[in-house]
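Let's look at a few labels people put on structures and check what earns each one.

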Amino acid sequence: MTEKSHIFSVSALTASLKAHIEGSFPYVWVRGQISNLARPSSGHLYFSLRDENAMLAAVWFKNRQKDGEAFDPLTGEVFENGPRPCLAASMKDGQEIICAGPLQLYSARGQYQLIVEIAQDAGLGLLHEQFEQLRRKLAGLGYFALERKRPAPVNPARVAVITAPGGAAIQDFLRIAQGRGLGSHIRIFPAPVQGDGAAARIRRNMQRIADEGWAQVLVLIRGGGSIEDLWAFNDEALAGSIFNFPLPVLAGIGHEVDFTLADMTADLRAATPTHAAQLLWPERESFFRQLRQLTDALKKNSASALERIGLRLEAGERDLAWRAPLRRLDRLRERLDATLQRLYGAGRFILEQRLARLQSRETALTPARAGLPARYERLKALAQRLEPAPLRGLESAAARLLRLCRELPRNPALRVERERQRLLVLARELTRSPLRHALAKKEELERSEKEL
């Protein structure tokens with residue numbers, strides 16, 4: 001029972017293989033040589049793809065055969081000259097092609113086959129393979145690194161262009177450049193842009209441009225085309241020249257979907273030659289708009305600056321007027337006049353006070369003047385009475401009395417001693433009393449003379 005569970009029916013095994021094959025290979029690319037090509041009236045193509053060791057059945061149904069391809073399904077390249085004829089019309093035995101599509105198991109005959117959806121000549125496939133190999137190599141060398149790419153100058157005045165001089169690409173480039181920017185000099189360096197020797201000619205022109213040192217930027221432009229037409233720009237040596245070029249390089253090769261190694265290595269890539277001119281020169285109206293904005297800003301700033309300067313000037317004039325020497329002299333004169341007025345007032349006030357005091361004293365002295373003659377006569381009489389002679393007599397009498405007192409014996413009885421002491425006191429008083437009275441009168445006389 002267990003062994004029978006491992007025995008497949010033909011249908012079951014075929015179904016299992018079909019699911020496995022179709023699930024594992026939903027879409028594959030296969031290269032081989034055509035053999036056993038059959039073109040039945042249905043329009044389908046039946047053929048085999050073979051190489052030295054194996055063979056694969058293939059079918060290309062009519063509904064999948066397009067009348068013409070507008071772009072390369074492998075690279076996305078848009079064909080400039082219109083759709084290309086379908087390869088189905090020109091296929092023949094012995095031709096090497098590349099096919100793409102899903103694998104399918106035909107259960108009726110137990111045979112798997114390739115359902116072709118895309119087919120193209122193997123020569124193109126080799127170019128794509130070579131392109132991918134070069135792309136990986138140059139990427140590993142850092143040719144496509146963003147950090148090494150330099151910005152193109154804005155509105156450059158000197159531009160060197162390498163292109164075919166009679167092509168539509170240069171005409172579009174010049175037409176756009178004429179209406180943009182602020183004017184520039186453009187030098188065209190003619191070179192073939194396809195075919196053998198094109199890459200070498202482009203590199204020689206690049207060396208010439210670098211030696212002259214005139215240009216600010218280098219532009220490589222070319223119209224669209226097939227991968228064979230653009231192959232000169234996939235040259236490894238040309239990519240090296242772009243990588244080492246001393247100036248920024250702008251590449252506008254083919255259409256937007258066209259990518260070449262030159263595009264990838266250049267500092268800046270334009271989708272088309274027309275786009276290259278748009279990247280270099282801004283719209284002229286933008287300059288006029290910027291000029292108007294700057295003019296308005298200049299007017300506004302100038303008005304503000306003039307207003308500030310005017311305010312500073314007025315403040316300076318006021319400050320100068322206040323600090324000017326003549327103004328200072330005027331202020332000093334004013335202060336001097338005020339000081340003199342105060343001095344005059346103070347002097348007048350003091351003088352008036354002194355005059356008032358003098359008048360009051362004169363008034364007070366008026367009665368005293370009337371009695372001066374009588375007082376003078378009294379003083380004169382007093383002076384006559386106080387002549388020095390009577391004084392001298394008194395002085396001599398006192399002196400004799402004192403001498404007598406001293407001559408009395410000091411050893412009599414107590415009574416005698418008391419009398420002697422009393423006599424001494426009286427002698428002193430007698431001596432001093434006339435002198436004291438005379439001196440007082442003398443001082444009174446002197447005071448009266450001074451007041452007189």
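Q: Why is strand S3 called mostly covered?
A: Five of the six residues in S3 (residues 55-60) are buried, where buried means under 20% relative accessible area with a 1.4 Å probe, protein chains only. S3 counts as a strand as a DSSP run of E, at least two residues, numbered from the N terminus; helices are runs of H or I, at least four residues. This is a predicted model: local features need pLDDT of at least 70, side-chain atom pairs count only at pLDDT 80 or more, and totals for chains, interfaces and linings use all residues. Residues are numbered from 1 along each chain as its sequence is written, and side-chain values use heavy atoms, leaving out hydrogens and water.

Q: How do you know that S2 and S3 pair?
A: Two strands pair if DSSP finds at least two bridges between them, and S2 (residues 45-50) shares six with S3, in the antiparallel sense. Phe47, for one, has Ala58 in S3 as its bridge partner. A hairpin of four residues joins S2 to S3.

Q: What makes S8 a partner of S3?
A: Three bridges link S3 with S8 (residues 111-115), in the parallel sense. Val59 is bridged to Ile115 in S8.

Q: Why are H4 and H5 called roughly parallel?
A: The axes of H4 (residues 198-212) and H5 (residues 236-243) cross at roughly 15° and come within 9 Å. Angles under 35 degrees count as roughly parallel, so H4 and H5 earn that label.

Conventions: Buried means under 20% relative accessible area, exposed over 50%, partly exposed in between (1.4 Å probe, protein chains only). Axes are lines fitted to C-alpha atoms, for helices over the stretch in contact, and angles run from 0 to 180 degrees between N-to-C directions. Angles under 35 degrees count as roughly parallel, over 145 as roughly antiparallel, 65 to 115 as roughly perpendicular and the rest as oblique.
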